[in-house]
Amino acid sequence: MPGGHDGEEPAAGRPFQEAERLLASDCSGTEWERMAAQHFTTQALLLRGDVDAARRLATQRLDEARRRNDVFALGVFQTTMRAWHWVLENEPEQAWVEVDEALSGWPSSEYYLVHQFRDMARAALFLYQGSDGEALALLRTVGRQMRKAMLTAMPALDAEYLSWLGRAAIRAGDAAALKVVRRRLRRSRLRISAGYLAGLHALDAGRRGDSAAVQRHLARAIEIGDETEFHLFGAGYRYRLGQQTGVRPGSASSAKPSTGSGDRARRTPIGSWT
């Protein structure tokens, strides 16, 4: 479990697969733990860049949750993963329908982890559709709720949140918000936080028209993405680097290709969200 919360999700996916198997075959009364293992296993596949396998697995688990009317599993697998699923199909409207329905059985007076999953999916959809101001406003609200619910104590969750907040701040032109994000990511002890920060530096440099800085920061982000096995982000950063240099992502003259994500990055949120 610590690996899943401490920024080691891609590598932690392998022991979580074994944990899921053992919880299902050898243990009773561990439904919540098995659900957590399923979530981290699926997320690890996505972050490692095996997008198709992650989608298939998440869809299977969502179908199972619907059959069992498992409200916790629905909250997990009908939020972020469904946003990815439908945007990959170029159907963001369907993503909105499913994400908005995901927590219909949950109380609105409290803010739990699944509420954060839902709101992050909504923010990502806003960004995908170019509604940068709406994304930034929502993410500010998410940040307040995370602090209140003490979700910021989960380093990986907080770092990922900050990376999305930084993207929204840059695209909405909010320099003050971006300054806060940068400061907090620099304080993070997670290695991937430096990759998120490099990606934000590249995006900001692109907004200023500084192509040399864009390439330098993207190269750094790719290096850290490969090192930490966050190949999903590496694919997005390679896509952006290809735009800058004219080198096709995954070609012999480009950086190391991500696992199964190079072509998809050119037509999916892997490229548009980084």
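This is a short tour of the structure, stop by stop, with a selection to make at each one.

**Whole chain**

Keep in mind that this is a predicted model. Start with everything shown as cartoon. The chain has 16 helices and 0 strands. Now colour by burial. Of the 274 residues, 54% are buried. Switch on the surface. About 12400 Å² is exposed, and carbon and sulfur atoms supply 50% of that area. Then think about contacts along the sequence. Among contacts with a separation of 6 or more, 62% join residues 24 or more positions apart.

**The largest nonpolar core**

Hide the surface. Select Leu-139, Tyr-161, Leu-185 and Tyr-196 and show their side chains. These four touch the most other members of the largest nonpolar core, which holds 69 residues. Next, colour residues 155-172. This is helix α10, which gives the most to the core, with 10 residues.

Centre on Leu-139. Which residues does Leu-139 touch, leaving aside those up to four places away in sequence? The list is Met-120, Ala-123, Tyr-161, Trp-164, Leu-165 and Ala-168. Tyr-161 therefore appears twice on this stop: as a partner of Leu-139, and as a member of the core's best-connected group.Now select Val-87, Ala-95, Trp-96 and Leu-125. They belong to a second, separate core of 8 residues.

**The largest cavity**

Turn on cavity display. How many cavities of 30 Å³ or more does a search of the whole structure find? There are 4. Go to the largest cavity, which contains about 70 Å³ of space. Select Met-35, Gln-38, Glu-64, Asp-70 and Ala-73. Of the 10 residues that line this cavity, these lie nearest its centre. Colour α3 (31-47) and α4 (51-68), the elements that give two or more residues to the lining. Then colour the lining by residue class. The lining of the largest cavity has 3 nonpolar, 1 polar and 6 charged residues.

**The second largest pocket**

Move on to the second largest pocket. About 300 Å³ of space lies there. Select Ser-109, Glu-110, Tyr-111, Tyr-112 and His-115. Among the 17 lining residues, these are the closest to the pocket's centre. Add α8 (113-128) and α9 (132-148), the elements that supply two or more residues to the lining. Which element gives the most to this lining? It is α8, with 4 residues. By class, the lining of the second largest pocket divides into 8 nonpolar, 5 polar and 4 charged residues.

**Two arginines**

Select Arg-182. Arg-182 sits in helix α11, residues 175-187. Is Arg-182 buried or exposed? Its relative accessibility is 17%, so Arg-182 counts as buried; the cut-off for buried is under 20%. Show what surrounds the side chain. Beyond residues up to four places away in sequence, Arg-182 touches Leu-197, Leu-200, His-201 and Asp-204.

Finish at Arg-216, in helix α13 (residues 211-228). Arg-216 counts as exposed because its relative accessibility is 53%, and exposed means over 50%. Draw a distance from its C-alpha atom to that of Ala-202. The two C-alpha atoms are separated by 7.8 Å, and the residues are 14 apart along the chain.

Conventions
Residues numbered from 1 in each chain as written. Predicted model: local features only at pLDDT ≥ 70, side-chain atom pairs only at ≥ 80, totals over all residues. Heavy atoms only, no water. Core = buried A, V, L, I, M, F, W, Y, C linked by side-chain atoms within 4.5 Å. Buried < 20%, exposed > 50% of the residue type's maximum accessible area, 1.4 Å probe, protein only. Contact = heavy atoms within 4.5 Å. 1 Å grid on protein atoms, 1.4 Å probe; cavity = no way out; pocket = protein on both sides within 12 Å on 5 of 7 lines; lining within 4 Å. Points joined across faces, edges and corners; volume = space filled by probe spheres on them. Nonpolar A, V, L, I, M, F, W, Y, C, P; charged D, E, K, R; others polar. Areas by Shrake-Rupley, 256 points an atom, 1.4 Å probe, with all protein chains shown as cover.
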